[in-house]
Amino acid sequence: MKSPTISAPSRRRVVGGLTTLAAMGLSGARAQGERPTLPKSPVALNIIDVGGALALVQKPIESFRKARPELVSRITFTKAPAPELPAKLKAQQDAGRVDIDLMLGGLDAVSGGIDQNLWQPLFPRFAGTLPNPDEILQKAALDMHNLAKGQAMCMVYYPSGPLLEYMPAKVKTAPATAQELLDWTRQNPNRFIYARPANSGPGRTWLMGLPYLLGDADPKDPMKGWDKTWGYLKALGENIEYYPTGTGVTMKELGEGTRDMIVSTTGWDINPRALGIVPKEAEVATLKGFHWVSDAQYMAIPKGVAEGKIAVLLELISFVMKPEQQAYTYDEGYFYPGPAAKNVTLDMAPPESQAAIKEFGRPQYERWIADNPIETPLEPEKMVSAFKRWDQEIGSGGKRRG
C-alpha cells in the first residue's frame, strides 16, 4: 500500500452600507491568529505514524523537505500502535523532553490526545497561517475535521463502509437486506466473517453502520439506542466461527477460499485486490438502508514542541493540503478516494495510482458515494462503550485468533 493553501477572503461586516472599524478589527484578528517565527536555520523533524497514513502522505511530506531546504534539514519517520501513543507523549511532556514533532493518525489517536490535553490547538490559534478548513475541505471531510475540536487537521478522508465483499463463484446472488444476510449465514454457517471492531476499520464501520441498516432508535447511542443492532449481532454470531483480531486475516481467508463473504470498505476492497491478496473477481454489495460511516486521518502537533518547529510544521501542514499534494492520497486505493480537499480529481494523481484504481476500482463507488448518506463515527466515549459491549456480549461468544 503506498496523496491548498487558500487564504480566506477578508470578511467585513457592513452595517447600513458602511464597514465599521470595530468589525474590521475583529475580522482581522480572527483571520490573523498567531504566527510563530520561522527558525533561522533548518530543523530536523520527527514524525510518528500511528494509523497507516504515512503510505498516503509520505511523498508530499518528503516533497516539502525538498521544496523548503531552508526550513527542514531531515525528516525521521517512525510507526507505533495508536493505543501506545498517549502514554508515551504524556511521559515526554511531563519530563519536558518531547521528541515527537508531528503525529499522523486516526480519530482514535486524536481523541486520546484530546482527552489527555496533549495537542497544540491549531484552530483558531493559527488560523491565519493554516488553510481555512471551511473553504478547502469536502463536506464529509469537514465533518470529520470538526470531530478533532480544532486540535488536528484532517488530511485524508474516505466514506469507508460497511460493504459486503464476496466471491461470486460461491455467492450467486448477494444478500440485499440485513435479514437476507442473516438467512444466508444460517444456510452457509462459518462462511461469513468480520474482524473485532476495536481492531478493524471494516469491523468498526459494520458495527456503527448496522443501526442505520436496521432502523434502530438512535444510531448515535450504542447503549440505549441499539436494541435491534445488538440482537442482530448475537443472531449473526451463531453462524460465525470466530472473530479475527484484524482485517488482514479476513482478506486472507476470503482470498484463500476459507470464507465466501466478509465485511469490507472501499479501500479494503480495492487495495488487497491490487496487491493480489484477494482475487480480482471479488465483488461488493450494499444492504438496503445503507449509510456510509466515514473515516479520516489527521495531522496533530504535540504540546512541548519548540516554537521554531511549530512554525515549520504549520508550513508543512499547509503544503500537504495543497491540491497537487492531496492527489497523492489516491495511492493504490488504500483509503479510496483519499483526498480530504475539494476538487482533487483522479486525473491529478500519479500515473501508477490512476492505473491501479482504473483496474481495481469500482464504477459504482462514485454513484454510491453520491447517493447514500455519509455519517460521522460515534463520539470517542460512545465508540469505546460500543467496543466494550461488543467484546462482552458478542465477541465473548466465539474464539478470537489471527
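# A helix and its surroundings

Helix H10 is followed by Gly 257, whose phi is positive, near 90°. Here helices (H or I, at least four residues) and strands (E, at least two) are DSSP runs, numbered from the N terminus. The model you are looking at is predicted, so local features need pLDDT of at least 70 and side-chain atom pairs count only at pLDDT 80 or more, while totals for chains, interfaces and linings use all residues. Residues are numbered from 1 along each chain as its sequence is written, and side-chain values use heavy atoms, with hydrogens and water left out.

How confident is the predictor? The chain averages a pLDDT (confidence in each residue, from 0 to 100) of 89, and 91% of the residues score at least 70. Over residues 1-30, pLDDT stays under 50, and the model has 48 contacts there beyond four places in sequence; a contact means heavy atoms within 4.5 Å.

Let's go back to H10, which covers residues 247-256. Which of its residues are buried (under 20% relative accessible area; exposed is over 50%, partly exposed in between; 1.4 Å probe, protein chains only)? They are Thr 247, Thr 250, Met 251, Glu 253 and Leu 254. Seen down the helix axis, these residues fall within an arc of 165°, so they line one face of H10. The arc is that of the directions from the helix axis to the C-beta atoms. Some background helps: an α-helix has 3.6 residues a turn, so residues three or four places apart point the same way. The buried residues of H10 pack against S7, H8, strand S8 (192-193), strand S9 (261-264) and helix H11 (266-275).

Strand S8 holds Phe 192, and with a relative accessible area of 0% Phe 192 is buried. Beyond its neighbours within four places in sequence, Phe 192 is in contact with residues including Leu 164, Trp 184, Leu 236, Ile 240 and Ile 262. Phe 192 and Glu 241 are 49 residues apart in sequence and 8.4 Å apart in space, C-alpha to C-alpha.

Just before H10 comes a loop from helix H9 (227-237), and Glu 238 lies in it. Is Glu 238 buried or exposed? With 65% relative accessibility, Glu 238 counts as exposed. Glu 238 and Asp 295 are 57 residues apart in sequence and 29 Å apart in space, C-alpha to C-alpha.

Now for some backbone details. Most residues other than glycine have a negative phi, and most peptide bonds are trans. Two asparagines with a positive phi are listed here.

| Residue | Phi | Place | Relative accessibility |
|---|---|---|---|
| Asn 117 | near 60° | loop between H4 and H5 | 48%, partly exposed |
| Asn 343 | about 60° | loop between S12 and helix H14 (351-360) | 70%, exposed |

There are cis peptide bonds to look at too. The bond from Phe 123 to Pro 124 is cis, with omega near 0°, and Pro 124 is in the loop between helix H4 (107-115) and helix H5 (133-136). The bond from Tyr 336 to Pro 337 is also cis, with omega near 0°. Pro 337 is found in the loop between helix H13 (323-326) and strand S12 (338-339).

Key:
pLDDT is the predictor's confidence in each residue, from 0 to 100.
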